[in-house]
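Here is a friendly walk through a structure you may not have seen before. Have a look at it first, and then we'll go through it piece by piece.

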Amino acid sequence: MQRQTTVMRAVLNSRLFWLIVAAVAIGLMPIIFTDSYWRTNLIVCAINVMLAIGLDFILGYAGQLNLGQSAFYGIGAYVSTLLIMKLGVPFWIAFGCGVLLSGIAGMLLSLFAVRLRGHYLAIASLGFAVITYQILVNWISLTQGPLGIYAIPPPPALQLPGLPIIDFKNLANLFYLTAGFAFLAYLLLDQLVRSPIGETLTAIREDEVSAASLGINCQAWKVFAFAVGSSVAGAAGCFYASFVGTLVPDAFFITESFTILAMVIVGGMGTLIGPVWGAILLTVLPELLRGVGDLRLIIYGVAVTLVVLFMPGGMVQAARFIAAYFRSLLPGRGAGA
Amino acid sequence: MLSVLLQQGINGIVVGSLYVLVALGLTLIYGVLVQINFAHADIVTLGAFAAYFFTFVLGGNYLASIAVALVVGAALGWLMNALIFAPLRNRGNELLPLIATIGVSIMLQNTMLAWFGPIPFAFDTPYSNDVIRVAGMFFTIQSVLIIVVSTATIGLLYAFMKFTFLGKALRAVSQDRETAGLMGINPNQLIMLTFVIASALAGMGGAMLGPVLVLTPFAGTSVIVKAFAIVIIGGFGNVEGTIIAGLLVGLIESYTTQFLDPGLIDIVVFALLLLTLALRPTGLIAEKREENV
Amino acid sequence: MTIKPTIRHFTGAAIAAMIVAGSVNAVFAADKTIKIGALLPMSGPGSYFGAQDKQGIELALEQLNKSGVNGFKFEVQYEDSACSPLPATQAAKRLLEQYKPDVAIGEECSDATLAIMPIMEQAKVPFVNAGSSSIKITEPGNPWTFRIMPNEVMQGVDIATNAYKKLNARTAVLLYENTNAGIGNAKVFSETFTKLGGKILADIGFGRDVNDFTSIATRIAGVGKVDVIPTYTLEGQGLKITQALAQAGVTKGGGGQSIQLGTIWLPFGFEQKAGKAALGYVRIVQFDPTDKREIVRGFIQAFKAKYNQDPTHLHAHAYDQIILIADVVRRGAKDAQSIRDGLAATKGFSGVTGSVEFDKTNQNIKMDTIHYMETLPDLSWKAHGWN
C-alpha cells in the first residue's frame, strides 16, 4: 500500500509523465471536438498559449514587464504574410523570417530599455506597441493598413514519406500544427527554465545588484529573454495570419497586450504551465458565454476581477491547493507527511 | 499663417488641459501606490455620462453637472480602492491590481453599453456652439470654460499639495514612504484620499470631455493611452511634470494635425515618449524616483 | 432547412401560443421555418451597427411571421462577430455548426464581412450583406455572397461626378476615418474627382480615437477656397466634424462657402443632432424617410409604433435583408441552395432602401438606393433628384 502510493506520487511528480499526458491530450482534442467551431477555438487556444508562455518567460522568469507582446505578434504576422503574398516566399521560410524579425525587434526594444525597470519598461514597451500598431495602420503602401490583406493561404500541405498528404486546410491538421508548435515552444522554454539559464534569470529577477555582483551580465540575459519571448509571439503571429486568412492592424492593437498579460496573471505568473491554462481559460470563456448574449462581456470582466481578487497566485495556486487537499486524502500518509 | 499657428496653439491647450485632468489622477495614484489603475478611463466616461444625464434628463445646469461628475468620480475612486486596490495590497505581485482593473474596465464598459446603448450621445452644452471670432481666430465659450475650470482646479490641487498638511503628507508618501510613516500619517487613509482626489479629477474631466469627444461607453479609452504617455513624459508621480506634459501633448496633437497628418499623432507622441525615456529616464521634467533607474 | 416535427406543437406552451395568435390554421400552415443567421457586431464600438440592425430585423420578423410566407416562418439567431476578422470567424463557425442556418446576413465592417465570406462559401450558405462598402466583397465576387448596398466605387464615382457637375465643385478636401471603408471611399472620390479636372487640396485621414476636430477644421480653414469636403465617417465623429467646420467658419453652417459631402453612413436625424452647423450639407442616404412609396410609409409607421423612434438607414437595410429573403422564399426557395439561386435571380424587388437586382458578381446594380439630400435652414431635407 505504502509502496503503491510512493510509486503513484513518483509518477505524478515526473515531468515525462505529464508531457506524455499533454501530448496525448493534444492528440485527442480534435477527436473529441469534431465540429469546425470548436476546432477553430482549439487553434485560437494554441496561438494564445504561445503568446502567453512567451510573455511569461520575459515577465515571470526574467522579471521584465513587457507590454509590447501585441507588437511582436503583429510583426510575426505581417512579416510572414507580406513575404508570402508580395514576394511569393515559401511559407516555412516566411515563417522563419517572421519569427526571426520578431525576435530581433524584441532584442532591440530590450537593448533600448536596458536601463529601465518596472513601470518605465512597461510604458516603453507600450510605446513600442503603439508605434508598431500605428505604422501598420499608416504605411498603407506596404501593409495595406486598415484596407487589410485577404485570402492569405493556409500553410502548404506536408508530404512526409510513407504518410498520406497532410493538408492544413483541414482544421484538425492545422490544430496539430499550431498546438505542436506551442508544445515545442513549451518544451524549449521549460528546458531553458530548468537549465542554469533559468536560475540566472531568476537571480536577475530577484535582485539585479546581487546577480551582477556574482558576475552575471544582467543586460545580456535580459536581452536574451526578450529575444526568446518575442520570437515565440512572432511564431503565434505567423499562425494567426495563415489561419484567419485576413490581416488588419486592429488585431494587434495594444489591448491585445493586456489580454495576453491577463492570461499570464490569471494562469499564474512565473510558472510555465499557469499561462497555458490562463490562455485556454480566457480564450474559451468568452466563447462559452456566447449563450448568455448581452451579458457576456460583463460576466467575463467580473470573472477576471474575481479570479485576481481571490486567487492572486492564479489557477496554478488554486490547482496546488486542490492537489494538496487530494494528496492528503491518499492513504498511508501521516498528518505531518 | 500666424493666426493659424496661434489658433492651433489654443486648440492644443484646450485639449491638453483636459488631458492634464485625466493624467493627474493616474500620476497621483502612481506616486503614492506605484500602481496603475486601468479603469481610470471608465471613470472619465462615467463622469461624462453623469454630467449628461444631470443636464439632459434631470434638467440641471451644465456648470452644476461638472460638480456632479466630480462627486460621482470621487465615489467611484473610493469604491475602486476599497474593492480592488486595498484587498490586493501586500499580496506581493504589483501586477494584480492592473489585471483586476482590466477586468473592472471590461465590466464597466459593457455595463454602460447595456444601459446607455452604443449610439453616441449628442452632448451640446449651452456654450458649445457660441463662437467668438477675434483677429482671424475662433473659439467657443465652451473652450474658454474648459480652460478656466481646469486652470482653477489644477491651481487648487497644486495649492493643496503645497500648502496643506494632508497635501504635504501625500507628497511625502509619494517621495518616501518611511518619512511619511515618521510623520505619523496613516498610509491607508492617505491612499484612500489619493484615489478619491484622482477619480474626482477624472470624473470632472469627463464632464468637460463629454461635449468634446464622441460620447459612447468607450469614450474614455481614447484618452487613456495618451494619459499614460503624459504621465511618463512628465515623470511618474510628478504633478508639475504632468501638467506641462499634458499641455505639450495637446500642442503636439494640434500641430501634427496642421503640418503632418492626424493619423500620425500617436506616432509623434510616443516617439517623444521613447526619446524622453532614452535621454532622461525619470521624465522630461524632474528626477525624483531615482530607484527606478 | 429544417422541418420541425408537428408533434412539437402539442405542448401546452405551443397551444397557448396558437390561441394567442388567434389562428390555429396559420400556425399549422407555417409549420416550416427558414433559419436566418445574423452575424452582427454586438459588442465594442461596432455595436453601434448591431444594436440598430437587430431592431430592423425584429420588426421584419414580427410582420412576416403573422402569416408566414409560402408556409414558412422566419427565425433569426444572432452571433456577435465584433466587427473584426477573428471573432467574425468564430461567430460564423458557431452559427453554422450549432444553428445550421439556411441563409445568413450581416456584418457591417468590411474586414469582418470578407473574413466570413469564404466560410459561408465552404458551407454553401448564402450570405446577404447590406452595410459593407469594400469593392473586394464583389470584385471578383463570391457566388454565395450578395450585397444590396452600392459599393465604394459606385458611391464614390457618383458623389464625385455629381460634386463636379451638379455642384460645380473644383476643389476638395478629403476627410475620412482610417478604416477600410473610410480609406477606400476617399480614394475612389479622389481618383474620379481628379480625372474630371478637380483638385484635392488636402487629404486628411484620422483614427477613430481622435477627440477634437477643432485642429482639423482650423487646418481646412487655412488651405484656401474649398468647394466641397467629402467626409467619410460615422455619426459620432461626423457630428464633431460638422460642428467644428462650422465653428471654424468653413462650411455654410458657419458662414463659409464650403459644402460638406456625406455618405450613406450618417443616420436620419443627424442634422437635428448637429444643429445649424449642418446647413447646406449634401449627402447621399441609403434610406429616404420622405420617400412616398407605400413600403416606406408602412415601414416608418410600423417602426415608430414598435420602438417609438425614427428609423435610420441601418434599421432600413437590416429590414430589407430579411424581406428580400422572404421575397426569395415567396418565389419558391426553401433551402440554402434554392435561396442562393433565388437571390441571384432577383428582379424588380423593391425594398425600403430601394430596388434590388444583382449583376454577375452579386452586387446590387440599382442605384435608386442612393438619394441625394441637402440640409435646409430648418434642418429638413431637400431631395435632389440626381439619380
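**Starting inside chain A**

Let's begin with a single residue: Val266(A) is buried, because 27 other C-beta atoms lie within 10 Å. (A residue counts as buried if 20 or more other C-beta atoms lie within 10 Å of its own, as exposed if 12 or fewer do, and as partly exposed in between; C-beta atoms are placed from the backbone.) Before going on, a word on what you're looking at: this is a predicted model, in which local features need pLDDT of at least 70, side-chain atom pairs count only at pLDDT 80 or more, and totals for chains, interfaces and linings use all residues. Residues are numbered from 1 along each chain as its sequence is written, while chains are lettered from A and ligands numbered from 1 in the order in which they are written.

Back to Val266(A), which sits in helix 12 of chain A. (Helices, H or I with at least four residues, and strands, E with at least two, are DSSP runs numbered from the N terminus.) What does Val266(A) touch, leaving out residues up to four places away in sequence? Its contacts are Gly278(A), Leu281(A), Leu282(A), Val304(A), Val307(A), Gly314(A) and Met315(A). Contact here means that the C-beta atoms of two residues, placed from the backbone, lie within 7 Å. There's also Gly313(A), 47 residues apart from Val266(A) in sequence, yet 7.8 Å apart in space, C-alpha to C-alpha.

Now zoom out to the helix. Helix 12 of chain A covers residues 255–267, and its 13 residues should span 18 Å at 1.5 Å a residue, which agrees with the 18 Å between its end C-alpha atoms. The expected span is 1.5 Å times one less than the number of residues. This helix is mostly covered, with 11 of its 13 residues buried; Phe258(A), Leu261(A) and Met263(A) are among them. Right after helix 12 of chain A comes Gly268(A), with a positive phi near 130°.

**Where the chains meet**

Chain A has a neighbour: 33 of its residues are in contact with 34 residues of chain B. On the chain B side, helix 3 (62–88), helix 4 (96–116), helix 9 (221–234) and helix 11 (265–279) each supply at least two residues. Helix 4 of chain B brings the largest share, 11 residues. By type, the side of chain B that touches chain A has 26 nonpolar, six polar and two charged residues. (Ala, Val, Leu, Ile, Met, Phe, Trp, Tyr, Cys and Pro count as nonpolar, Asp, Glu, Lys and Arg as charged, and the others, Gly among them, as polar.)

Chain B also meets chain C, through 30 residues of chain B and 31 residues of chain C. Which element of chain C gives the most to this side? That's helix 9 of chain C, with seven residues. The side of chain C that touches chain B divides into nine nonpolar, 16 polar and six charged residues.

**Strands in chain C**

Strand 2 of chain C (residues 32–40) is largely enclosed by the rest of the structure, because seven of its nine residues are buried. Strand 2 runs parallel to strand 3 (residues 72–80) of chain C, over nine bridges. (Two strands pair if DSSP finds at least two bridges between them.) Together with helix 3 of chain C, these two strands make a right-handed β-α-β unit. Right-handed means that, with the strands pointing away from the viewer, the path from the first strand over the helix to the second runs clockwise. Strand 2 of chain C is also joined to strand 4 (residues 103–106) of chain C, in parallel, by four bridges. Gly37(C) has a partner in both: Gln77(C) in strand 3 and Ala104(C) in strand 4.

Elsewhere in chain C, seven strands form an open sheet with mixed pairing, in the order 8-7-9-10-11-14-15. Strand 8 and strand 15 (381–384) are the edge strands, each pairing on one side only.

Strand 11 of chain C (residues 282–285) has Val282(C) and Ile284(C) pointing one way and Arg283(C) and Val285(C) the other, and all are buried. Strand 11 pairs with strand 14 (residues 371–375) of chain C in the antiparallel sense, over four bridges, and there Arg283(C) is partnered by Met373(C).
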